[in-house]
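Student: I would like a close look at one part of this model, with the overall picture set out beforehand. Please go through the chain as a whole and then through the chosen part.

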Amino acid sequence: KIRKNRLEDFSSINASGKIAMKLDANDKIVGVKICKDDQDIILSTKLGKCIRFESKKLRIFKGRSSKGIKGIDLAANDQIVSLSIINNDKSKTELKTSEKFILSITENGYGKKTSHKDYRVTNRGGKGIIGIVNSPRNGNISSSFPVYDGDEILVSTNKGRVIRVAVKEIRTAGRNTQGVRIFKLSGEEKVVTADKIDDNLV
């Protein structure tokens, strides 16, 4: 499920917090992002599917107590792992000097980046398209998010290890591919998170 509220709905939050949306049993919030009408929303799942749709076509909810609406039609045993916001190709603020990529990292330490142009804009609620192949080698997808070649990422494992990787060193490949090894794991070690390093961090 996904929902969009006005930012003003969260202008005043007390110490006990504020309900953002109602959840079904065994459901949880994966991400919260600020978005604009000239941006697109990308949802990525652990089985390697993703969907991209326009933010402006997502209606604004007046209250905060509803469950929202379907963002992607999940297959059995699938679940959303990442919520991303990306400027659409019509955005006036879009950088034209460098290409955007969607970076995908799997739990077994593999990954790749794919041009954002390969992720077509569709309607909300569809089954999505393959973002990266979920295979016995790759395992489930841990994270997927937009990057530029000049960015760096941090990849963390369930054993407490962290590596820092330059995006430009990661192979560019199509959507329906497995990618290459990014993090050499040992034993039962798994990648649990991958995040882009903010520009204001060293």
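Student: Which strand holds S143, and which residues is S143 in contact with, leaving aside its neighbours within four places in sequence?

Tutor: I begin with charge. The protein has 40 positive and 24 negative side chains, and the centres of these two sets lie 5 Å apart. This is a predicted model, and the values here are computed from it.

The secondary structure comes to 13 strands and 0 helices, so the order of elements from the N terminus on is simply β-β-β-β-β-β-β-β-β-β-β-β-β. Along the principal axes, the C-alpha atoms fill a box of roughly 45 × 40 × 35 Å. The radius of gyration is 17 Å, which agrees with the value near 17 Å that a compact globule of 202 residues would have. Of those 202 residues, 41% count as buried. The accessible surface comes to about 11800 Å², and carbon and sulfur atoms account for 48% of it. Among contacts between residues at least 6 apart in sequence, 74% join residues at least 24 apart.

Now to the residue you asked about. S143 is found in strand β9, which covers residues 141–147. Its relative accessibility is 7%, and because the cut-off for buried is under 20%, S143 counts as buried. Leaving aside neighbours within four places in sequence, S143 is in contact with S82, with L103, S104 and I105, and with T193 and A194. For A194 there is also a polar detail: the backbone nitrogen of A194 lies 3.2 Å from a polar atom of the S143 side chain.

One of the contacts of S143, I105, leads on to a second site, since I105 is also touched by I182. I182 has its place in the loop between β12 (180–181) and β13 (191–196). I182 is buried as well, with a relative accessible area of 16%. Not counting residues up to four places away in sequence, I182 touches G109, Y110, G111 and K112, and also I163, V165 and I170, besides I105. For one of these, G111, the separation from I182 is 71 residues in sequence, while the C-alpha to C-alpha distance is 6.3 Å.

To put the two sites together: S143 in β9 and I182 in the loop between β12 and β13 both have I105 in their contact lists. Both residues are buried, S143 at 7% relative accessibility and I182 at 16% relative accessible area.

Definitions and conventions
Residues numbered from 1 in each chain as written. Predicted model: local features only at pLDDT ≥ 70, side-chain atom pairs only at ≥ 80, totals over all residues. Heavy atoms only, no water. Helix = DSSP H or I, 4+ residues; strand = E, 2+ residues; numbered from the N terminus. Rg over C-alpha atoms; globule rule 2.2 N^0.38 Å. Buried < 20%, exposed > 50% of the residue type's maximum accessible area, 1.4 Å probe, protein only. Contact = heavy atoms within 4.5 Å. Areas by Shrake-Rupley, 256 points an atom, 1.4 Å probe, with all protein chains shown as cover. Lys, Arg positive; Asp, Glu negative; His and termini not counted. Charge placed at Lys NZ, Arg CZ, Asp CG, Glu CD. Polar contact = N/O pair within 3.5 Å; in protein donor to acceptor, adjacent residues only side chain to side chain.
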